[in-house]
Amino acid sequence: MSSNPQANRVLSGMRPTGQLHLGNYHGALKNWVDLQYQYRCFFFVADWHALTTGYEDTSRLPEYTREMVIDWLAAGLNPGVATIFVQSYVPEHAELHLLLSMITPLSWLERVPTYKDQQAELQEKDLATYGFLGYPLLQSADILLYRPRYVPVGEDQVAHVEMTREVARRFNNLFGRESGFEGKSEKAIGELGARNSKLYRELRRKFQETGDTASLEKAQAIVRSNTRIIVADRERLLGYLEGSSVSILPEPQALLTPTPKLPGLDGRKMSKSYGNTIGLREDPDSVTRKLKTMQTDPARVRRTDPGDPDNCPVWSLHEVYSDESTRSWTAAGCRSAGIGCLECKKPLIDRIVAEATTMRQRAAEYENNPELVRAVLTQGSEKARETARETLDEVRNAMLLRED
Ligand code: TRP
Ligand code: SF4
């Protein structure tokens with residue numbers, strides 16, 4: 001019987017895109033840095049995912065992986081705390097993907113919104129491939145392999161986590177059967193103690209009759225917080241809440257990252273493909289130069305024209321970087337034409353240069369020593385593999401593929 005690890009794990013991944021910019025930082029990475037101290041975190045470079053749209057030219061993949069990981073470390077991800085690894089160093093991802101592919105209806109993949117969207121967006125590429133269609137399922141395998149409770153992602157990835165939950169449910173229904181499951185579960189309920197047994201039954205009935213997820217979550221919390229029951233019983237009780245099977249692959253939840261919309265230098269969303277970014281480790285001169293020429297409220301042509309912060313991308317940066325008093329000084333000065341745009345940008349330049357300087361200092365030891373980055377990744381990948389193997393052993397057992 002399995003250990004129940006769903007516990008307090010978090011997993012997320014990023015495609016290797018090379019050096020990260022401030023949009024990547026505020027949209028995801030900063031949140032990872034916070035999460036590493038609250039959960040057992042697994043963060044990985046999704047290099048196989050990069051192949052699903054970029055299979056023709058892989059020449060920059062090693063560089064992109066290295067540069068992105070240096071940015072992770074520069075931002076404060078700590079390899080002594082979080083497990084940092086590369087997808088392709090952990091071949092278990094591929095095996096689980098294959099096994100899950102057997103039970104996944106084609107229609108589930110075809111209806112994932114990114115499938116048609118990206119094909120339309122990347123017209124110049126031939127994305128009528130098997131790998132591209134299957135990529136959300138590869139993501140499901142990435143996730144389920146580590147049995148995390150939470151998957152921090154942006155809005156665009158929520159549909160993939162939803163599909164992952166459906167795949168897990170299907171797997172558990174098909175292969176999570178155990179002889180005498182009901183009897184064993186009923187017996188395990190008795191182990192919860194009189195009060196919690198009663199509560200568990202009530203909440204289970206409520207969830208099964210009405211689909212009320214709040215009841216489900218309450219019951220799950222009762223089971224998870226009980227430290228006296230054995231691990232096998234805990235799994236049974238979690239599975240029994242939702243149906244008549246053991247949850248070998250627990251359903252993860254998306255953890256939506258609250259993302260400030262970070263504008264790029266031209267006012268559009270900051271994005272590598274627009275060439276409007278500020279790098280996380282950009283040098284001070286370049287940060288200064290870029291911000292000085294950054295787009296402002298187009299209505300503010302002359303210094304004497306009042307402006308409107310709501311029409312100004314620089315203001316959005318103030319919302320992320322500046323404290324309350326700087327913000328009110330800026331907003332008032334802009335509306336009254338009391339300050340000029342360069343004055344307004346000055347405190348921002350200082351803050352962003354200071355932040356980039358911290359990043360550059362942390363990155364320095366890795367930039368000069370590629371072996372060190374490699375060591376972080378091989379050690380992290382070995383650690384990840386231990387967890388991945390545990391899951392895969394249970395999956396194989398459940399499917400009767402290799403009975404030990
Ligand atoms: N598909 C994600 C992206 O393009 C990256 C990714 C791959 C991922 N596997 C994952 C994210 C697992 C979270 C969990 O951004
Ligand atoms: Fe934008 Fe600041 Fe200039 Fe106003 S003063 S338009 S907020 S840069």
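**Figure 1. The shell around ligand 2 in this predicted model.** Start with the ligand site: ligand 2 is surrounded by Thr296, Asp297, Arg300, Cys312, Val314, Cys334, Cys341 and Cys344. Sorted by class, that shell comes to five nonpolar, one polar and two charged residues. As for where the ligand is housed, ligand 2 sits in the largest cavity.

**Figure 2. Tyr39 against Tyr150, one of the aromatic pairs.** The structure has nine aromatic pairs to pick from. In this one, the ring centres of Tyr39 and Tyr150 are 5.6 Å apart and the planes meet at 75°; over 60 degrees counts as edge-to-face, so that's the label the pair gets. Tyr39 belongs to the loop between α1 (22-35) and β2 (40-45), while Tyr150 is part of strand β4 (residues 150-153), so the contact ties together parts that are 111 residues apart in sequence. The two tyrosines land in separate accessibility classes: Tyr39 has 24% relative accessibility and counts as partly exposed, whereas Tyr150, with 19%, counts as buried. The cut-off for buried is under 20%, so Tyr150 makes it into that class.

**Figure 3. Phe85 and Tyr146, a tilted pair.** Here the rings are 5.4 Å apart, centre to centre, with 45° between the planes. Phe85 comes from strand β3 (residues 83-86) and Tyr146 from the loop between α7 (130-144) and β4, so this pair ties together parts that are 61 residues apart in sequence. Both Phe85 and Tyr146 are buried. Zoom out a little and there's a cluster, with ring pairs linking Phe42, Phe44, Phe85 and Tyr146.

**Figure 4. Two arginines over tyrosine faces.** One of these views has Arg15 lying over the face of Tyr135, 4.9 Å from the ring centre. The other has Arg204 over the face of Tyr240, and there the distance to the ring centre is 3.6 Å.

**Figure 5. Arg147 and Leu400, two residues with positive phi.** Most residues other than glycine have a negative phi, so positive values are worth a look. For Arg147, phi is near 40°. Arg147 lies in the loop between α7 and β4, and at 1% relative accessibility this arginine counts as buried. Leu400 also has a positive phi, near 60°. You'll find Leu400 in the segment after α17 (370-398), where its 59% relative accessibility makes it count as exposed.

**Figure 6. Glu110 and Leu137 across a sequence gap.** Glu110 is in helix α5 (residues 106-110) and, with 37% relative accessibility, counts as partly exposed. Glu110 and Leu137 are 27 residues apart in sequence, and their C-alpha atoms are 11 Å apart in space.

**Figure 7. The protein as a whole, to place the close-ups.** The secondary structure adds up to 17 helices and five strands. The C-alpha trace spans about 80 × 50 × 40 Å along its principal axes. Of the 404 residues in the protein, 50% are buried.

Conventions. Residues are numbered from 1 along each chain as its sequence is written. Chains are lettered from A and ligands numbered from 1 in the order in which they are written. This is a predicted model: local features need pLDDT of at least 70, side-chain atom pairs count only at pLDDT 80 or more; totals for chains, interfaces and linings use all residues. Side-chain values use heavy atoms; hydrogens and water are left out. A residue is near a molecule or strand if one of its heavy atoms lies within 4 Å of it. On a 1 Å grid over the protein atoms alone, a cavity is a set of points where a 1.4 Å probe fits but cannot get out, and a pocket is an open set with protein on both sides within 12 Å along at least five of seven lines; lining residues have an atom within 4 Å of a point. A molecule sits in a cavity or pocket if more than half of its atoms lie within 2 Å of its grid points. Ala, Val, Leu, Ile, Met, Phe, Trp, Tyr, Cys and Pro count as nonpolar, Asp, Glu, Lys and Arg as charged, and the others, Gly among them, as polar. Rings of Phe, Tyr and Trp (its six-membered ring) pair if their centres lie within 6.5 Å; planes under 30 degrees apart count as stacked, over 60 as edge-to-face and the rest as tilted. Helices (H or I, at least four residues) and strands (E, at least two) are DSSP runs, numbered from the N terminus. Buried means under 20% relative accessible area, exposed over 50%, partly exposed in between (1.4 Å probe, protein chains only). A charge sits over a ring if NZ of Lys or CZ of Arg is within 6 Å of the ring centre and within 35 degrees of the ring normal.
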